[in-house]
Amino acid sequence: METSARTGRPHVTARTAAVWAVLRRELDRQAARLGGRALTVLDVGGGTGGFAVPLAEAGHTVTVIDASPDALAALTRRASDAGVADRVRAVQGDGDALATLVEPAAADLILCHAVLEVVDDPARVASAIAAALRPGGAVSLLVASRAAAILGRAVNGHLRAAAALVTDPAGRAGPRDTLLRRFDAASATALLTAAGLTVEETHGVRVVADLLPATVLEDDPQAVLDLELELSSRPPFRDIASQLHLFARRS
């Protein structure tokens, strides 16, 4: 399991392993393509910096956009503690306003994790992401899975909510659902494709990690991590993960 050279804290857990595996490959690819130049990274909805700070520790400059001032304050403290405050910038703003918050064609890599489920207009946000990418740049998109939500409610006995998730066009369980929508691989791919991006990889995130008791996660975290990575790209396991991770590029 990888750790921060400065803090000793793990960067990778079973719940983030599939995402970090893709990001590591992209960082290596971009380093070769750009001659080792530090990347300009945009983290939309990046909160307290779980991805932003490790990326800054790797030498990249990261702008985090988030609606929560408390999360951004925690991000600033976290970056300072890690010694990378000069490479992390916090910007308060809503995902729906992304187009007004960033310069066009300015980012090499954009992270958009757990954002499209809650914005008013996901197509507009996807278009803003595409516009903010430099040619050859890429986006890491993480969205909630409709299939996982259906199965989760069904096995817990909430059959009406599960049925609603099946038939609702947006993948909601009813008016009290905290998310505005959920996705499957096809709908998420269509959204990015319509924005002019090409999806290169699709993985499941938290295929088994959310199903296991805490004792299993604590007793053998490496085995859980290895299993997550093994299942993340294999249908049908990929498709019933709690989240879907799509990696797409601007040509």
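**View 1. Glu-26 is a buried residue, with a relative accessible area of 3%, shown here in a predicted model.** The residue belongs to helix 1, which spans residues 17-33. Its side chain makes a polar contact of 2.8 Å with the side chain of Arg-249. When neighbours within four places in sequence are set aside, the residues in contact with Glu-26 are Leu-109, Ala-138, Phe-247 and Arg-249. Because buried means under 20% relative accessible area, the value of 3% places Glu-26 in that class.

**View 2. The side chains of Arg-249 and Glu-26 meet in a salt bridge, with an N to O distance of 2.8 Å.** This pair links distant parts of the chain, since Arg-249 is in strand 7 and Glu-26 is in helix 1, with their positions 223 residues apart in sequence. Arg-249 has a relative accessible area of 8% and is therefore buried, and its partner Glu-26 is likewise buried, at 3%. The salt bridge shown here is one of the 11 that the structure holds.

**View 3. Seven strands form an open sheet of mixed pairing, in the order 3-2-1-4-5-7-6.** The edges are strand 3 (88-92) and strand 6 (197-205), each of which pairs on one side only. On average, and with direction ignored, neighbouring strands of this sheet are turned by 15 degrees against each other. Helix 1 packs on the sheet, where it touches strand 4 (107-113), strand 5, strand 6 and strand 7, and the direction of the helix makes about 175 degrees with that of strand 5.

**View 4. Strand 5 (residues 133-144) and strand 7 (residues 243-250) run antiparallel and are joined by seven bridges.** Two of the facing positions can be picked out in this close-up: Val-139 has Ala-248 of strand 7 as its bridge partner, and Ser-140 stands opposite Phe-247, also in strand 7. Phe-247 also appears among the residues in contact with Glu-26 of View 1. Strand 5 is mostly covered, as 10 of its 12 residues are buried.

**View 5. Strand 4 and strand 5 run parallel and are joined by six bridges.** Along this pairing, Cys-112 stands opposite Leu-141 in strand 5. Together with helix 5, the two strands make a right-handed β-α-β unit. Strand 4 is also one of the strands touched by helix 1 where that helix packs on the sheet.

**View 6. Arg-124 and Asp-96 form a salt bridge through their side chains, at 3.7 Å from N to O.** Arg-124 lies in helix 5 (residues 122-132), whereas Asp-96 is in the loop between strand 3 and helix 4 (98-101), so the pair ties together parts of the chain that are 28 residues apart in sequence. The two partners fall into separate accessibility classes: Arg-124 counts as partly exposed, at 46% relative accessibility, while Asp-96 counts as buried, at 15%.

**View 7. Arg-238 forms a salt bridge with Asp-239, with 3.0 Å between the closest N and O atoms.** In this pair the arginine counts as buried, at 18% relative accessibility, and Asp-239 is partly exposed, with a relative accessible area of 26%. Because the limit for buried is under 20% and partly exposed begins beyond it, the value of 18% leaves Arg-238 on the buried side, whereas 26% places Asp-239 in the partly exposed class. Elsewhere in the structure, Arg-15, Arg-206 and Asp-210 are linked in a network of salt bridges.

**View 8. Leu-42 is placed in strand 1 (residues 40-44).** At 5% relative accessibility, this leucine counts as buried. Not counting residues up to four places away in sequence, Leu-42 touches Thr-63, Ile-65, Leu-98, Val-102, Ala-107, Leu-109, Ile-110 and Leu-111. Of these, Leu-109 is also among the residues in contact with Glu-26. The C-alpha atom of Leu-42 is separated by 17 Å from that of Ala-195, a residue 153 residues away along the chain.

Conventions: Residues numbered from 1 in each chain as written. Predicted model: local features only at pLDDT ≥ 70, side-chain atom pairs only at ≥ 80, totals over all residues. Heavy atoms only, no water. Helix = DSSP H or I, 4+ residues; strand = E, 2+ residues; numbered from the N terminus. Buried < 20%, exposed > 50% of the residue type's maximum accessible area, 1.4 Å probe, protein only. Polar contact = N/O pair within 3.5 Å; in protein donor to acceptor, adjacent residues only side chain to side chain. Contact = heavy atoms within 4.5 Å. Pairing = 2+ DSSP bridges. Axes fitted to C-alpha atoms, helices over the stretch in contact; angles between N-to-C directions. Salt bridge = Lys/Arg side-chain N within 4 Å of Asp/Glu carboxyl O. Right-handed = clockwise from strand over helix to strand, strands pointing away.
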